[in-house]
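Reader: I am new to this structure and would like a close look at a single part of it, taken slowly. Could you choose the interior and walk me through how the pieces around it are arranged?

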Amino acid sequence: MNLDTLIKNADVVLESGIARLDLGISDGVIVALVADSAGLEADETIDASGKLLLPGAIDIHFHCRAPAYPQRGDFATETRAAAAGGVTTVFEMPISKPCCATGEIFAMRKALAQRDAYVNFGLYGAPGLLDRGEIAAMVDQGAIAFKIFMTAAPKGRDDEFEGLCLPEVPDLYQALKLVAETGLVCAVHAENNQLLEWHTRQLVTAGRNDVPAHGESRPPHVEALAIATLLTLNQSIGVNLHIAHLSGAEPLAVFRRFKATGSTASAETCPHYLFFTEDDLARVGPYAKVNPPLRKAADQAALWEALIDGTVMAITTDHSPFTVEEKERARTDIWATPPGAPGVEELLLGVMHEALCGRISVNKAVDLVATNGAKRFGVYPQRGHIGIGAAADLVIYDPDDETTIRSDMLFSKARDCDKLYDGMTFKGAVNRTIVNGKTVFNDGEIVGAAGDGQFLRPDPARVSLDF
């Protein structure tokens, strides 16, 4: 057998465990997994002795907003950042200008990403126009899933969120029913809009515009009540519901209660809720403004427990690039800056650090950042694991090295906003990222090209909760 690439002597992280194997790639697909590759020839041979070979991470909640705000980032800059972080697939949210809520807009964004992306990508659609025809058009175009906000559109950004924000429960109910017809996942930003606006009014009336006021405007019960509403509605609807960026113990407790009664919903959390708390607001100020907000150390502990016992199925970034100028507005008025922070370059590093330090196993880490997401969104077994016939989306990871985050080493256009992680040291390092059999990142350098990423279309029949 003549191969394009042969990776030798790697500790390959399979779903069944870790094994010392040689891996062969041909035409972007894994075609050999053998203990001894003698007799195999390849155009390129990579010695991965002492290294882990992981399936590439799949970031199931990602924003670059292209082509809305190129000063923040675009499909090229932010997928280069993904590649540098060992992320071989991103699922891009529908916030754009205009919002990705029609088949026509979806097709435009798809073409743009096909031209510019360095890693694989899927695209969410927004179903909130409540138009069955437009939803069907986005499904025909290959939408990976749908996304809804339970909050109102941010002031001045209505066009970015038209068809995405459904703060009224009857509209939410209709959208969930329409998405249920597609068989695809519906991810929901779960915060109760009435409570959120009430808390915000109290703070504004009191003259509060300091950084901590943002978190106080969105206490845990704002999220918990929204999750209870969603899961109650879904008892009769049965959509493939997915709770985005679950942030702490109180909303988690609500999610657990519904799961105990047989709810088929899934949930994700994000590294910023696992590694940081509201105390980090004092350290980095507006650069820590995210929705839902950072919580307390007890919330971190509850989330880790939920990841370990399987209640929460994935860790994903909610990568959200903004400019320093936009974030600095909040020094004098927290309400004046948009929420969100970058993080795609730290996803795999952070989760693998916890694995290498013993909090979770390496196999669990891979499940949380790759395999489970692939299964939930219907792109497994082609993606999300290492096996014969799977796409060669791979990361060569050095467990004996370490990585210290500095802005000058990052590839995101929002690198100077990445204050939460600045100076942190993680055990391990991404040596090489391979997308569809091609190396796109190697030893600190981007070596791939725009267009190396493939558009991923889900199979609704494979959308699963079988983790």
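Author: In this predicted model, the largest nonpolar core has 107 residues, and those with the most contacts inside it are L54, L176, L230, L241 and Y397. Helix α8, residues 220-237, supplies the largest share of this core, namely 7 residues. As a general background, nonpolar side chains in soluble globular proteins tend to be buried together.

One of the residues just named, L241, gives a way into the surroundings: leaving aside residues up to four places away in sequence, L241 touches L176, C186, V188, L230, L231, N234, T264, A265, S266 and R376.

From there we can turn to strand β10, residues 185-189, where 5 of the 5 residues are buried, so the strand is largely enclosed by the rest of the structure. Both of its faces are covered, since V185, A187 and H189 on one side are buried, as are C186 and V188 on the other. Strand β9, residues 145-149, is joined to β10 by 4 bridges, and the two run parallel; here F149 has H189 as its bridge partner. Strand β11, residues 240-243, is likewise joined to β10 by 4 bridges in a parallel arrangement, with V188 standing opposite I243.

These strands belong to an open sheet of 8 strands, in the order β6-β7-β8-β9-β10-β11-β12-β13, whose pairing is parallel. Its edge strands are β6 (57-62) and β13 (314-315), each of which pairs on one side only. Helix α1, residues 75-84, packs on the sheet and touches β6, β7 (87-92) and β8, its direction making about 135 degrees with that of β7. Further along the order, β8 (residues 120-125) is joined to β9 by 2 bridges, again running parallel, and G125 stands opposite F146 in β9.

Helix α9, residues 249-260, completes this view. The buried residues of α9 are P251, L252, V254, F255 and F258. Seen down the axis of α9, these buried residues fall within an arc of 160 degrees, so they line one face of the helix. In general, an α-helix has 3.6 residues a turn, so residues three or four places apart point the same way. The buried residues of α9 pack against α8, β11, β12 (266-269) and α12 (297-309), whereas R257 and A260, on the other side of α9, are exposed. After α9 comes G262, whose phi is positive, near 100 degrees.

Conventions: Residues numbered from 1 in each chain as written. Predicted model: local features only at pLDDT ≥ 70, side-chain atom pairs only at ≥ 80, totals over all residues. Heavy atoms only, no water. Core = buried A, V, L, I, M, F, W, Y, C linked by side-chain atoms within 4.5 Å. Buried < 20%, exposed > 50% of the residue type's maximum accessible area, 1.4 Å probe, protein only. Contact = heavy atoms within 4.5 Å. Pairing = 2+ DSSP bridges. Arc of directions from axis to C-beta. Axes fitted to C-alpha atoms, helices over the stretch in contact; angles between N-to-C directions.
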